[in-house]
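Reader: Could you walk me through this structure, step by step? I am new to it and would like to start with the basics.

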Amino acid sequence: MSFNVLIVDDSSSMRAVIRKIVAISGFKMGRCYEAANGQEALDVLSENWVDVIISDINMPGVSGLDMLDHLKADDLLKEIPVIVVSTEGSDERIRSVMSKGAKRFVRKPFLPEDIRKILYEVIGVDNEGRYCDVQEPPDGGDF
Amino acid sequence: MKADTATSRNLLTEAIFETFEKMFFLFLEPIDREPEGCDLESVVQFKGFVEGRLEVSLSRNLAVAMVSNMLSCSTGDVTDAKIEDCAKEAANVICGSFLQRLDRRGDFNLSTPSFRRVAGVNRNVSEGEGMIRICFDSDYGGMDVRAVLSENRPPSGRGPEEV
């Protein structure tokens, strides 16, 4: 089983870096979609299933905060975990973002390990990239 | 009460070092002279507990190294579009990190960064009240960072390390 990821940032360089971090982290990534703002992200979500969103806040057009409002108002999309990655990381801003439904907040600049660790936490895998809900039968699984 | 220039200067230097080490894997050396050839300029304006703008001027060689390191690509694959995107992101991240250090609880908004090529400009600006200027050298070229600040209220103090 793999997970589809949506990366939302107006900087193509930052999207490329995040995509690379996710790819090398051991996280089982299926499709990786990209969007340059919240509207593009919503367009992607209208046509594709996404398991986790990694998004900036400050983007031209529909911002990351606006996108969170749209997600929260949608019964299906509100279940998708959102990790916000932003330069604007005051305590007040973080509270605002979390109140809109984001699961985690990462301040730029970040180390690859920061994103990897949080991605694991949000999706529910351990530090080795193994899914926590998968348990081996005690007898090895032979019938 | 304004944060004094020396304190602001130290915090800006910390923000620049952190950004370059974490995002671009580059180490900078502060210098006392204006570096040559810093023809690429990105600017971010900010409003909130403090208002002003941050200007980051880079040499092309340094910008190429930044893109190459950030994207793990060869210098031959570095395009003007990637340089512009990377320079704007650098200014954006430095600015956010600097303001965060000035006041962790203070809210602020950043403008979308702008970018331009400014060949042959003699900046001839000196540090003073409300203006911080820090110049750097590196193995790849120089950088000139200027912050213009006008504080709206006293800093509320530094808060918790992480939420």
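**A first tour**

Author: Chain A has five helices and five strands; helices (H or I, at least four residues) and strands (E, at least two) are DSSP runs, numbered from the N terminus. This is a predicted model, in which local features need pLDDT of at least 70 and side-chain atom pairs count only at pLDDT 80 or more, while totals for chains, interfaces and linings use all residues. Residues are numbered from 1 along each chain as its sequence is written, and chains are lettered from A and ligands numbered from 1 in the order in which they are written.

Reader: In what order do the elements of chain A run from the N terminus on?

Author: Chain A has five helices and five strands to place. Starting at the N terminus, the order in chain A is β-α-β-α-β-α-β-α-β-α.

Reader: And how many helices and strands does chain B have, and in what order?

Author: From its N terminus, chain B runs α-β-β-β-α-α-β-β-β-β. Its secondary structure comes to three helices and seven strands.

Reader: What share of the residues in chain A is buried, and what share in chain B?

Author: A residue is buried if 20 or more other C-beta atoms lie within 10 Å of its own, exposed if 12 or fewer, and partly exposed in between, with C-beta atoms placed from the backbone. Of the 163 residues in chain B, buried ones make up 41%. For the 143 residues in chain A, the buried share is 36%.

Reader: Which residues of helix α3 of chain A are buried, and where do they lie on the helix?

Author: Helix α3 of chain A covers residues 64-72, and its buried residues are G64(A), M67(A), L68(A) and L71(A). What covers them includes β1 (3-8), α2 (38-47), β3 (52-55) and β4 (82-86) of chain A. The buried residues of helix α3 of chain A are those four; seen down the axis of α3(A), they fall within an arc of 100 degrees (the arc of the directions from the helix axis to the C-beta atoms), so they line one face of the helix.

Reader: How do α2(A) and α3(A) pack, and which residues make the contact?

Author: The axes of α2(A) and α3(A) are 8 Å apart, at an angle of about 30 degrees; axes are lines fitted to C-alpha atoms, for helices over the stretch in contact, and angles run from 0 to 180 degrees between N-to-C directions. That makes α2(A) roughly parallel to α3(A), since angles under 35 degrees count as roughly parallel, over 145 as roughly antiparallel, 65 to 115 as roughly perpendicular and the rest as oblique. Two residues are in contact if their C-beta atoms, placed from the backbone, lie within 7 Å. Here the contact is made by G38(A), A41(A) and L42(A) of α2(A) with G64(A), D66(A), M67(A) and H70(A) of α3(A).

Reader: Are α1(A) and α5(A) parallel or oblique to each other?

Author: In α1(A), I18(A), I21(A) and V22(A) meet P112(A), I115(A), R116(A) and L119(A) of α5(A). The axes of α1(A) and helix α5 (residues 112-123) of chain A are 9 Å apart and make an angle of about 60 degrees. α1(A) and α5(A) are therefore oblique to each other.

Reader: Which residues does a cis peptide bond join in chain A?

Author: One partner, P109(A), sits in the loop between β5 (104-107) and α5 of chain A. With omega about 0 degrees, the cis peptide bond joins K108(A) and P109(A).

Reader: Is S72(B) buried or exposed?

Author: S72(B) lies in the loop between α2 (60-71) and α3 (80-102) of chain B. Its phi is positive, about 50 degrees, although S72(B) is not a glycine. With 12 C-beta neighbours inside 10 Å, S72(B) counts as exposed.

Reader: How many residues of each chain are in contact, and which element of chain A gives the most?

Author: 22 residues of chain A are in contact with 26 residues of chain B. On the side of chain A that touches chain B, α1 (12-24) and α4 (91-99) of chain A each supply at least two residues. With six residues, the element that gives the most to that side is α1(A).
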